[in-house]
Amino acid sequence: MSARTEDGVIIGLEIHVQLNKLHSKLFCSCGLDYHNAPPNTHTCPVCLGLPGSLPVLNRSAVKSAIKVALAMNCEILPQTQFYRKNYYYPDLPKGFQVTQYDYPISVNGYLAIERGDGQGIRRIRINRVHMEEDPGRLVHEGTIDRSKFTLVDYNRAGVPLLEIVTEPDLRSPKEARKFLNKLRNILEYLDVFDGDLDGAIRVDANISLAGGERAEVKNISSYKGAERALSFEIVRQRNVLRRGEVVVQETRHFDELRGVTVSMRTKETEHDYRYFPEPDLVPMRVMDWVPTIRETLPELPEAQRTRFLKDYGITGNHAASLTLDPKLAQFFEDVSAAIDPKLSASWIVDVLKGELNYRDLEIDSFKTADMIEILKLFSDDVVTEKGAITIIRTILDEGGTPDRIVSEKELAKVKEDVVTSAVDEVLSECTDAIADYRCGEAKALNYLVGQVMKKTRGRADPQDARTGLLEKLDSNET
Amino acid sequence: MAIPICTMTPERKRMITPEEVEHIGWLARIKLTGEEKEQYAEQMNDILDYFGKVDEITTDVEPTYHVLELHNVFRDDIASGSLEQDAALANAPNKKEGFFKAPRIM
């Protein structure tokens, strides 16, 4: 996207993330392992809103909320409490959502991202991070505007959610996506969030062009979706202006399949929600938890990246790739304890990660000890680069240990004298190619290297073969 | 510390009109007849007038957000059993394949 099209774009996000690493719901003991379960099998009188049931708050959910708030540089408020947000819709069994309003658990934070135009860093202010319960899941038969009725599954009702609200500080869809990626990275480092689970993140975006009214886009449920929905909305608003009309303030629904936003008629406004303090839950005073939680916060990706650069001397790209995933970063540190860090970083990021991605595997599928052994074999000159890659692929595809694979696949690099004799043989056989080389045909050398590799069945180091050939060719031994 | 209070505009001076009663009815998904709208508008205005009286008292006390003196009531994050699907759906007037069946609401 050119700088021009980003002019005057103002975006703020409301991001809902599930605290899906917890074991139970926000106000009851129903489990969170509902993803492959039949509908309405993870409910109880509390999350179904049956009369007489009373909610009790999950302590760990509050701790997770504080962790996230601190990681986003927020202040924790001394007294915080829940409210009822009243609206009548089948996804809420009680007719209200228990959420926070005045006195959220935390306010006034920020997160810095790289600007969309690459010109430095932009600080995105966080208005608040607050806790609330997830509504149930609605299933429409056919399309949302055609189906005759709605099917409701309350397995999701009451799942602990955090709502993270930014100030309108983002300036392009690309920045919105960078922000979401960074947020996900931090949440995964905090071990409170698994972004791969269905419905783990949902985003509402407020977007306007300079001087115009804003549209609120709802129902964005993926990182890619956020960028697409916002890009569509910018084009739509520009077209409205081009026709000489004005953008009206409204709520729009993102249709992920068609990649468009459509106007949603809503008759509810802020005061229609009739927020009032939830009488069934008492206020919280959790300031004295903060120092302990702050002390036990894990190293966050940005700090880790800086440390990797400083302590290991690896490249910026390698450090950035390794700190996208806390497990990958740990893997790197474990391997680097035994192997040169630069070599480790390069093999993990440039080779292993690619092989894992290709097979749709995570880093857990590869043993640290195997990686260390492979890199030892490579740096001790036992196997070639190609041989090391073959070991990695074989472990992933067939299993086995590096030393067995080396002997079974005959990957051990041949000794120097074998290379030398192969070079001699090639030089005595390929007189035409030698003549070409001497006439300045550089490609002829590659052919000769290929012949040496062929004679050693690929176990010679191509660099050794090349050096050996050049030595003899230049000393006119043939 | 700046607390971002989201103010609820009381708008107490304004009288409730039958149109507003209709909107409040819509929020609760209740359909009202013309006669009911008139009747409820009048009753709501009476109630608001009464609150107007309370408003006349000068107060300088902190608002009460909860009637109990308690705070920090928590449970541990332990999952225990949920209801069987049949039990969860037992009171539902309409159901289908394990789901509650609700009218389509736009």
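Here are some notes on the two-chain model, going from the interface to the sheet of chain A and then to a few single residues.

1. First, a reminder that this is a predicted model. Everything below should be read in that light.

2. The interface. Chain A puts 70 residues into the contact and chain B puts in 43. Together they bury about 5000 Å², and carbon and sulfur atoms account for 58% of that area. On the chain A side, the residues touching chain B split into 37 nonpolar, 15 polar and 18 charged.

3. Polar links across the interface. How many salt bridges are there between chain A and chain B? The count is one. Have a look at A:Arg59 and B:Asp76, whose side chains meet in a salt bridge at 2.4 Å, N to O. Polar contacts between the chains come to 24 residue pairs, with both residues at pLDDT 80 or more.

4. Which elements of chain A do the touching? Several elements each supply at least two residues of the side facing chain B: strand 2 (57-58), helix 1 (59-71), strand 6 (106-114), strand 8 (137-140) and strand 9 (149-153). Strand 9 of chain A has the largest share, with five residues.

5. Strand pairing between the chains. Strand 9 of chain A also pairs with a strand of the other chain: four bridges join it to strand 3 (residues 99-103) of chain B, and the two run antiparallel. If you want a place to check the register, A:Leu151 stands opposite B:Lys101. As a general reminder, strands of a sheet pair through backbone hydrogen bonds, either parallel or antiparallel.

6. The sheet of chain A. Nine strands make an open sheet with mixed pairing, in the order 3-6-7-10-1-11-12-13-14. Which strands sit at the edges? They are strand 3 and strand 14 (260-264) of chain A, each of which pairs on one side only.

7. Walking in from the strand 3 edge. Strand 3 (residues 75-76) of chain A is joined to strand 6 of chain A by two bridges, antiparallel, with A:Ile76 partnered by A:Ser106. Strand 6 then runs antiparallel to strand 7 (residues 121-133) of chain A over eight bridges. A:Ser106 turns up again here, since its bridge partner in strand 7 is A:Val129. From strand 7 the path goes on to strand 10 (residues 160-166) of chain A, again antiparallel, over seven bridges, and A:Met131 stands opposite A:Leu162. Strand 6 of chain A is worth a second look, as it is also among the elements that supply at least two residues to the side touching chain B.

8. Backbone angles to inspect. The hairpin of strands 6 and 7 of chain A has six residues between the strands, and A:Gly118 in this hairpin takes a positive phi near 75°. Two residues other than glycine have positive phi as well. A:Asp381 is near 65° and sits in the loop between helix 9 (368-379) and helix 10 (385-398) of chain A. B:Asn72 is at about 55°, in the loop between helix 2 (34-55) and strand 1 (74-75) of chain B. B:Asn72 counts as partly exposed because its relative accessibility is 25%.

9. A:Arg236. Is this arginine of chain A buried or exposed? With 17% relative accessibility, A:Arg236 falls under the 20% cut-off, so it counts as buried. A:Arg236 belongs to helix 3 (residues 223-242) of chain A, and its side chain makes a polar contact of 2.6 Å with the side chain of A:Glu233. Leaving out residues up to four places away in sequence, A:Arg236 touches A:Ala215, A:Val247, A:Glu250, A:Arg252 and A:Thr261.

10. A:Asn219. This residue is in strand 12 (residues 215-220) of chain A and is partly exposed, with a relative accessible area of 38%. Its side chain makes a polar contact with the side chain of A:His253 at 3.3 Å. A polar atom of the A:Asn219 side chain also lies 2.9 Å from the backbone oxygen of A:Phe254. Beyond four places in sequence, A:Asn219 touches A:Val203, A:Asp204, A:His253 and A:Phe254. For a sense of scale, A:Asn219 and A:Val383 are 52 Å apart in space, C-alpha to C-alpha, and 164 residues apart in sequence.

Terms used. Residues numbered from 1 in each chain as written. Chains lettered and ligands numbered in written order. Heavy atoms only, no water. Contact = heavy atoms within 4.5 Å. Buried area = accessible area lost by both parts, 1.4 Å probe. Salt bridge = Lys/Arg side-chain N within 4 Å of Asp/Glu carboxyl O. Polar contact = N/O pair within 3.5 Å; in protein donor to acceptor, adjacent residues only side chain to side chain. Nonpolar A, V, L, I, M, F, W, Y, C, P; charged D, E, K, R; others polar. Pairing = 2+ DSSP bridges. Buried < 20%, exposed > 50% of the residue type's maximum accessible area, 1.4 Å probe, protein only.
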